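I'm opening my notebook on this one and jotting down what I look up as I go. Here is the structure the entries belong to.

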Amino acid sequence: MRLLERDHTGEFRLTKRLPNDKIPEIPPYAILSHTWGEEEVLFGDLADGTAKNKSGYAKIQFCGAQAERDGLRFFWVDTCCIDKSDKADKAELQHALNSMFDWYRRAAKCYVYLADVSTYQEITDNPDCKLVVRRSGCVTRRWALQELNIPAIANLFSKGWKQAFRQSRWFTRGWTLQELIAPTIIEFFSKEGFRLGDKKSLEQEIHNITRIPLRALQSYPLSDFSFDERKAWAEKRNTTRDEDKAYSLFGIFDVHIPVLYGEGKEKAFKRLQDKFQEDYRALAKLWSTEPRDPRVEKKRIELAKGGLLVDAYRWVFDNPDFNRWRSSPESRLLWIKGDPGKGKTMLLCGIINELERPITVNGGNLAYFFCQATDSRINNATSVLRGLIYLLVQRQPRLLLHLPENSYPSDDAMAWIVLSKTLIEMLEDPNLKVTYLVIDALDECIIDQQKLLSLIVQISSVSARVKLVVSSRNLVQIEEQLATVVQHSRLSLELNAESVTAAVEAFIWHKVLYLSRLKGYDSGTENAIHDYLSSNADGTFLWVALICQALGDPNVRRWQTLNKLRAFPPGLDSLYARMMEYIGNSDNADLYDILDNPEYLEELIKLCGSFLSLREQTVYFVHQSAKDFLQGNAAHQASREAFEWVFPLGMEDVNHIIFSRSLIAMSAVLRRDMYGLQAPGFPINEIQTPSPDPLAAVRYSCVFWVDHLRDSISKKDTLQHNILDAIQTFFEKKYLYWLEALSLLRAMPEGVITITQLNSLLPADKTCFRCIPVYSGLWMGSKASPSPSGRRTWLDEHEASSRWGLECMPANA
């Protein structure tokens, strides 16, 4: 880019293209945003000395003078800093239009010059202000008025100019949209040069005029907004050339395509949308199923926990360990550790919220991922990589260059190799901005946890521009791995008990006041609940949340509240034990076989509310600590008793029951063309799930039935003949329908793994390939396992394309 440089005499000249040998880095600069009028100063006018003869020169003078007042020697004006003449290098205009958004974003200040908003007339027409101005002797230039500090003028301005501001032509032009969105600091000036305010002070007014969301005006990532949302911001804006309606949105969509004047608005928009969708499709390849956007997961977590309370996390920004990590270039890794229920996840949500805006405002990146052991979609190391890469590319689309061209391997081992290499390449990219990676609940990454820890250690040495925050329980295996990072900080919640206790206290008041509004408590009940929670919480958010959830039950009457409250013991494990006792003594302790009715299922989950939650018709544990308690892994004696009560015959027996019922359920439900697609070749991304969904009751069974078969076999046992017969019968009658279901569920990769697992469980003479008949030449075989006929199969010859055909076109089964 070229800049205008102002010298000590007030004159200015164009620099050579920057950066160059004389100026190796682009210096801080101001930038002008305006609407074009008559007699604009062009590049050639500065070169031949005729610029001062044009009326547009006053705008350039204004920008230079204002930049000088702000301590900036350089400034940029689009009319004269780009050579648009017929003799100019066409590549310069191409580069300028594709870089414009970035130039505005990198500016130290942006001055919006509103040629149709006047404050001068208001002053000269007002007798009181006219007298003040005449006495000051300061009206030698129109914009000299801004140097006056006169309350009467300020009060007058606050009333008179806003109508003109709302009707300004600047809000209707196409190119000024990116000039509004991109810069961090924008100041608005009247045509006399009087400062009207900045983007922050006028943001509500600007939002009312443009209908652009406040988050977009506040420099939050544009990737948070869909294509249609961003396109709508420009619908009522106009450009002189039709194609510019699309070209002016390059930066809004962060795409880079050639400028082809003469193609027309429709073709320009189609190319813009095609490029945007091409980038999205490249990102969608990260998943074989629906993309798991970590931003959606974060919002879900916050909603599930009743919202994010600022007072519950603000303490960390005054913590010396946190600030040492944040400010020191050498400290690249921060490990936040603490016992279950201490609020680690919500603390990280708060850190993300506070860091996101300043990081993205400065052009940096923030990517994060929340592990959850009870959700198979987000409890493995490969999913962590997919989530981080997804957000990094959303924030900085040019990193798409590092994504492999072909689809990612379905096999988890290969996917890890490919994606870990991709992430490292992105973090080593010389154009990468300062990047923060946040990973919550490392201990809940139960698949390939060691791989993930090793990668974190590796990333910590990749670049000084990359910083990491991770959280976990106090586990020795995690501590040993992270201790190998030379420069790392450690923030223990137990060692910051005072701060955590204060945060829990704020959380308690928040919950008590909510319950009081819900139940209509008097002040005495409010205080009694607060005092009991405060004296027994022991710095544990989850304990408080579970008790308040129980008190909020509609069946708990106000007069029962205090008695019910005092029945809850201190400590998570003791609370879980009390809940198990309550469930065991209830009339519903032996309920089963009601899961076919969603309403009954929801009621049953409510009875187990301290252990289970229902989300999108899927049952989850409320917290990893609840699962540990029921599995007998907690230290409390009641944990082992709960395990024996829930699993009286042991885990193997329960897994066998789930496996058997899964086969029965799938055999009853699976059939040909369950979604009514009618013909092969129907693309997966156009399928609408019918209501009711015929696969709803067997989604889990289709994916995990072999896992339960595996876990039902003890080390000394082998599969019984009746089990082998049941598997063979299922495959003979339902195999292709099962494949179709896996494709509809977007779980074909899991199906491949299932067959592999099943092979390892079956006797040598009973492999899947002998159990499964060959249908229409399609064989779930491999080059290592030829078909029984000894011939190479269709899948052997076309392995990649056939897998794609089943994944993307379910009816092909």
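**Entry 1: the middle of a sheet.** I started with Leu334, whose bridge partner in β12 is Ser489. This is a predicted model, so local features need pLDDT of at least 70 and side-chain atom pairs count only at pLDDT 80 or more, while totals for chains, interfaces and linings use all residues. My numbering starts from 1 along each chain as its sequence is written, and side-chain values use heavy atoms, with hydrogens and water left out.

A note on names: helices (H or I, at least four residues) and strands (E, at least two) are DSSP runs, numbered from the N terminus. Two strands pair if DSSP finds at least two bridges between them. β8 and β12 pass that with five bridges, in the parallel sense. β8 is also joined to β11 by five bridges, again running parallel. There, Leu333 stands opposite Leu468 in β11.

Is β8 buried or exposed? Five of its five residues are buried, so β8 is largely enclosed by the rest of the structure. For me, buried means under 20% relative accessible area, exposed means over 50%, and partly exposed is in between (1.4 Å probe, protein chains only). Leu333, Trp335 and Lys337 point one way from β8, and Leu334 and Ile336 point the other way.

**Entry 2: the whole sheet.** Next I wanted the strand order. I found an open sheet of five strands, β9-β10-β11-β8-β12, with parallel pairing. Its edge strands are β9 (365-370) and β12 (488-492), each of which pairs on one side only. From one strand to the next, the twist averages 10°. Helix α21 (residues 449-459) packs on this sheet, touching β8 (333-337), β10 and β11 (466-472), and its direction makes about 150° with that of β11. Contact here means heavy atoms within 4.5 Å. The axes are lines fitted to C-alpha atoms, for helices over the stretch in contact, and angles run from 0 to 180 degrees between N-to-C directions.

At the β9 edge, β9 and β10 (residues 435-440) pair in the parallel sense over six bridges. Phe369 stands opposite Ile439 in β10. My textbook reminder: strands of a sheet pair through backbone hydrogen bonds, either parallel or antiparallel.

**Entry 3: a hole inside.** How many cavities of 30 Å³ or more are there? I get one, with a volume of about 40 Å³. On a 1 Å grid over the protein atoms alone, a cavity is a set of points where a 1.4 Å probe fits but cannot get out, and lining residues have an atom within 4 Å of a point. Grid points are joined across faces, edges and corners, and the volume is the space filled by probe spheres set on the points.

The lining includes Leu437, Ile439, Leu452 and Leu468. α19 (381-395), β10 and α21 are the elements that give two or more residues to it. α21 gives the most, with four. By class, I count 11 nonpolar, no polar and no charged residues in the lining. (Ala, Val, Leu, Ile, Met, Phe, Trp, Tyr, Cys and Pro count as nonpolar, Asp, Glu, Lys and Arg as charged, and the others, Gly among them, as polar.)

**Entry 4: a hairpin elsewhere.** β6 (residues 186-189) has Ile186 and Phe188 pointing one way and Glu187 and Phe189 the other, and all are buried. β5 (residues 109-113) pairs with β6 in the parallel sense over four bridges, with Cys110 opposite Ile186. β7 (residues 195-198) pairs with β6 in the antiparallel sense over three bridges. β6 and β7 form a hairpin with five residues between them, and Gly193 in the turn has a positive phi of about 85°.

**Entry 5: backbone oddities.** Most residues other than glycine have a negative phi, and most peptide bonds are trans. I went looking for exceptions. Asp448 has a positive phi of about 65° and lies in the loop between β10 and α21. At 28% relative accessibility, Asp448 counts as partly exposed. Asp538 has a positive phi of about 55°, and at 63% relative accessibility it counts as exposed.

A cis peptide bond joins Leu18 and Pro19, with omega about -5°. Pro19 sits in the loop between β2 (12-14) and β3 (29-33). The bond from Ser691 to Pro692 is cis too, with omega near 5°.

**Entry 6: the overall tally.** Last, I noted 37 helices and 14 strands for the protein. Buried residues make up 50% of its 813 residues.

Note on methods
On a 1 Å grid over the protein atoms alone, a cavity is a set of points where a 1.4 Å probe fits but cannot get out, and a pocket is an open set with protein on both sides within 12 Å along at least five of seven lines; lining residues have an atom within 4 Å of a point.
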